[in-house]
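Me: Could you take a close look at one part of this protein for me, the nonpolar interior and the elements packed around it? I would enjoy one connected walk through it.

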Amino acid sequence: MIYLSYKETDVIRLTPEEIEGYIRSLDEKGLQAASIQNYRAIIKSLYLYLPEDKLMSRRTPGEWVRYLNESGYGARTVNARISVLNSFLRYMGKREWQSEEYRRQPDDVQPELSRAEYRRLLKTAKKLCREREYLLIKTLGGAGVRVQELPQITVEAVKEEVIPVSCHNLRRNLRLPPALKKELLDYAGREGRPRGPVFATPEGSPLSRYSVYHGINSIGREAKISEEKANPRCLWKMYQNTYERIQFHIAEIVEQAYERMIEEEQFLLGWEV
């Protein structure tokens, strides 16, 4: 573990070795493999969140929790991540850094939209010739755009390689898949909309959140998907979960490739060879 002096507070550098040490400690405590995999994914998401130098300070837990809240994660997801973060901080000898910013969970936990149900929404919208709702579902669930960011998806912005968007003071650069960009521009062209928001009223004003929710809900009813799932928030959560699973699998592939390389070098150049 590396401790550095930074202004008035200590900082630590999070390294892959520290993460693996923590994972081994969980295994020694007898946690099941599925739980360990989940813990690993959460700590790796923290690692990806940190700046390039991977330094953590006393402020980091609170900043990460605020980032999760602003990114639209539900109470249960945020609380689960805080729990893992606090466990990791105990392992790192930083109990005083533990976060207490648990979010109160609602009585009824919102169900999650599956990828298969997302495809069913798209298929139903296409069957009903509801192009606007089809593209809304694809933009929110397929590209990870939040409903608050939709007015920033303009014809002019879609033509660019990167779209700068902001939500709750959180700024990021969005890259739309090429196929979706083409569909959005084709749709705007057919609607006679050479500029301004792609999703707009006949007068050119951005669609209200009510219109977005109502349109997606109506497709959900036709697709036999509950209203609790057929909404922008669940589409966003599905995108986030899908993206994180892909990141986790990529990280695993990289680790396995590195381990194979080390084994090959050991076979060729080990001391006892």
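Reply: Happily; what follows starts with the chain as a whole, moves into the interior, and then visits a few helices and single residues.

Please keep in mind that this is a predicted model. The protein chain has an average pLDDT of 85, and 92% of its residues reach at least 70. Two stretches call for care. Residues 1-8 stay under 50 in pLDDT, and the model gives them 16 contacts beyond four places in sequence. Residues 104-109 are also below 50, with 6 contacts beyond near neighbours in sequence. Where pLDDT is low, predicted coordinates should not be read in detail.

Now the overall frame. The protein chain contains 10 helices and 5 strands, and its C-alpha trace spans about 70 × 45 × 40 Å along the principal axes. Of its 273 residues, 42% are buried. Among contacts with a separation of 6 or more, 63% join residues 24 or more positions apart.

On to the interior itself. In soluble globular proteins, nonpolar side chains tend to be buried together. Here the largest nonpolar core holds 38 residues, and Leu121, Ile153, Leu176 and Leu184 have the most contacts inside it. At least two residues of this core come from each of helix 5 (115-127), helix 6 (131-142), helix 7 (155-158), strand 4 (163-167), helix 8 (178-190), helix 9 (209-222) and helix 10 (232-269). Helix 6 contributes the most, with 5 residues. Ile153 makes a good viewpoint: leaving aside neighbours within four places in sequence, Ile153 contacts Val145, Val158, Ile163, Val165, Leu174, Leu184, Pro197 and Val198. A second, separate core has 24 residues, including Leu14, Ile23, Ile36 and Phe88.

Ile23 of that second core leads us to helix 1, where Glu18, Ile19, Gly21, Tyr22, Ile23, Ser25 and Leu26 are buried. These buried residues pack against helix 2 and helix 4 (75-91). Helix 1 itself, residues 16-28, reaches 18 Å between its first and last C-alpha, close to the 18 Å expected. After helix 1 comes Gly30, with a positive phi near 90°.

Helix 2 (residues 33-49) carries Ser45. With a relative accessible area of 17%, Ser45 falls under the 20% cut-off and therefore counts as buried. Its side chain reaches the backbone oxygen of Ile42 at 2.5 Å. Beyond residues up to four places away in sequence, Ser45 touches Trp64 and Arg81.

Helix 2 also appears at the other end of our walk, since the cover over the buried residues of helix 10 includes helix 2, helix 5, helix 6, strand 5 (170-174) and helix 9. Those buried residues of helix 10 are Pro232, Cys234, Leu235, Trp236, Lys237, Met238, Tyr239, Gln240, Thr242 and Phe248. Asn231 caps the N-terminal end of helix 10, with a side-chain oxygen 3.2 Å from the backbone nitrogen of Arg233. At 1.5 Å a residue, the 38 residues of helix 10 should span 56 Å, and its end C-alpha atoms lie 55 Å apart, so the two values agree.

Finally, a word on cysteines. Cys234, in helix 10, is buried at a relative accessible area of 1%, whereas Cys129 is exposed at 69%. Searching the whole structure turns up 0 disulfides.

Definitions and conventions:
Residues numbered from 1 in each chain as written. Predicted model: local features only at pLDDT ≥ 70, side-chain atom pairs only at ≥ 80, totals over all residues. Heavy atoms only, no water. Core = buried A, V, L, I, M, F, W, Y, C linked by side-chain atoms within 4.5 Å. Buried < 20%, exposed > 50% of the residue type's maximum accessible area, 1.4 Å probe, protein only. Helix = DSSP H or I, 4+ residues; strand = E, 2+ residues; numbered from the N terminus. Contact = heavy atoms within 4.5 Å. pLDDT = per-residue confidence, 0-100. Disulfide = S-S within 2.5 Å. Polar contact = N/O pair within 3.5 Å; in protein donor to acceptor, adjacent residues only side chain to side chain. Expected span 1.5 Å × (residues − 1).
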